[in-house]
Amino acid sequence: MRKLLIGISFSVIFLLIILPFLGISFGAFEDGPGAFFDALVRPEALHALKISLIIVSIVTVLNAIIGIYISIEIVRGSWISRWMKPIINALIDLPFAVSPVIVGLMVILIFGPNTALGAFLEDHNMKIVYAIPGMVIATMFITFPLMVREVVPLLEEIGTQSEEASATLGAGPVRTFFQVTWPSIRWGVMYGLILTIARSLGEFGSILVVSGNIINQTQTATTLVYQDAEQFQLVAANSVAFVLGLISITILLTLEWLKRRSEATRNHGGGSPHAH
């Protein structure tokens, strides 16, 4: 029975992950390496990859700063009453339950040019919808829980004794964070950053809605793949998808390496583990 279940598991992995990626790989090089590289150096492809890089960079930095701060407040904040924590946790997990397309629609309903807030911002030369700021907001909403859900368990695990001792010895909040708190949560932050990068890079639904998918303006790598596939430019679509797949695999391998480093550090008494 166990061998049967293992066989079924590997079959599912092969059919849903390995086989599609092999199909993308063969499709990308169907017309030879020249066609593959031509698809990647197209002006629209270079611009889409650039936009994706900009969004990923901004979202990752914001997620790190805001995610760590909110995690500390959830665990350490004395202003949060016990009955409020389940509500806050539910709100943090909301992006897991909401369709990305709905997220994009919400951004349009709040910041769209036909809304009072959107019109006010555009009058002051701050365009949100169909521009990078709206794409960043949508991606931030989608990826927000990833950092918090990595850091909160670590903060709960390490407790407050070391931080209180540091404060007693005269260290300020900033010094206490970097000398006491950070060494215990750094691996969780790294996991959160890597997951944020992977999720941001692969985001499609909310980006498609909020960006308008305007070529050489608001098109990302994922929406370019969608457009190429719709226009039956399959080599071009597979080429960009192949690059995104390689990046995703690299990110996952990096995550596994970090996990091993974290376990090695824990075994040598160098920090708190992060349970996965």
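In this predicted model, the largest nonpolar core comprises 18 residues, and Ile-55, Val-107, Phe-111, Met-135 and Val-210 are those with the most contacts inside it. Four helices, α3, α6 (100-111), α8 (132-158) and α11 (205-211), each supply at least two residues of this core. The helix that gives the most is α8, with 5 residues.

Phe-111 may be examined individually. Leaving aside residues up to four places away in sequence, Phe-111 touches Leu-117, Gly-118, Leu-121, Ile-128, Val-129 and Ile-137. Apart from the largest core lies another core, whose residues include Ile-74, Val-75, Phe-177 and Val-189. The two cores are listed below.

| Core | Number of residues | Residues among its members |
|---|---|---|
| Largest nonpolar core | 18 residues | Ile-55, Val-107, Phe-111, Met-135, Val-210 |
| Another core | 17 residues | Ile-74, Val-75, Phe-177, Val-189 |

The report now turns to internal space. The structure holds 1 cavity of 30 Å³ or more, and the volume of the largest cavity is about 50 Å³. Its lining is formed by Ser-52, Ile-55, Thr-139, Ser-200, Leu-201, Glu-203, Ile-207, Thr-220 and Thr-222. Sorted by class, this lining has 5 polar, 3 nonpolar and 1 charged residues. Two helices, α3 (43-76) and α10 (173-202), each contribute at least two residues to the lining.

Certain elements link these descriptions. Ile-55 lines the largest cavity and is also among the residues with the most contacts inside the largest nonpolar core. Likewise, helix α3 supplies at least two residues to the cavity lining and at least two to that core.

Note on methods: Residues are numbered from 1 along each chain as its sequence is written. This is a predicted model: local features need pLDDT of at least 70, side-chain atom pairs count only at pLDDT 80 or more; totals for chains, interfaces and linings use all residues. Side-chain values use heavy atoms; hydrogens and water are left out. On a 1 Å grid over the protein atoms alone, a cavity is a set of points where a 1.4 Å probe fits but cannot get out, and a pocket is an open set with protein on both sides within 12 Å along at least five of seven lines; lining residues have an atom within 4 Å of a point. Grid points are joined across faces, edges and corners, and a volume is the space filled by probe spheres set on the points. Ala, Val, Leu, Ile, Met, Phe, Trp, Tyr, Cys and Pro count as nonpolar, Asp, Glu, Lys and Arg as charged, and the others, Gly among them, as polar. A nonpolar core is a set of buried Ala, Val, Leu, Ile, Met, Phe, Trp, Tyr and Cys residues joined through side-chain atoms within 4.5 Å. Buried means under 20% relative accessible area, exposed over 50%, partly exposed in between (1.4 Å probe, protein chains only). Contact means heavy atoms within 4.5 Å.
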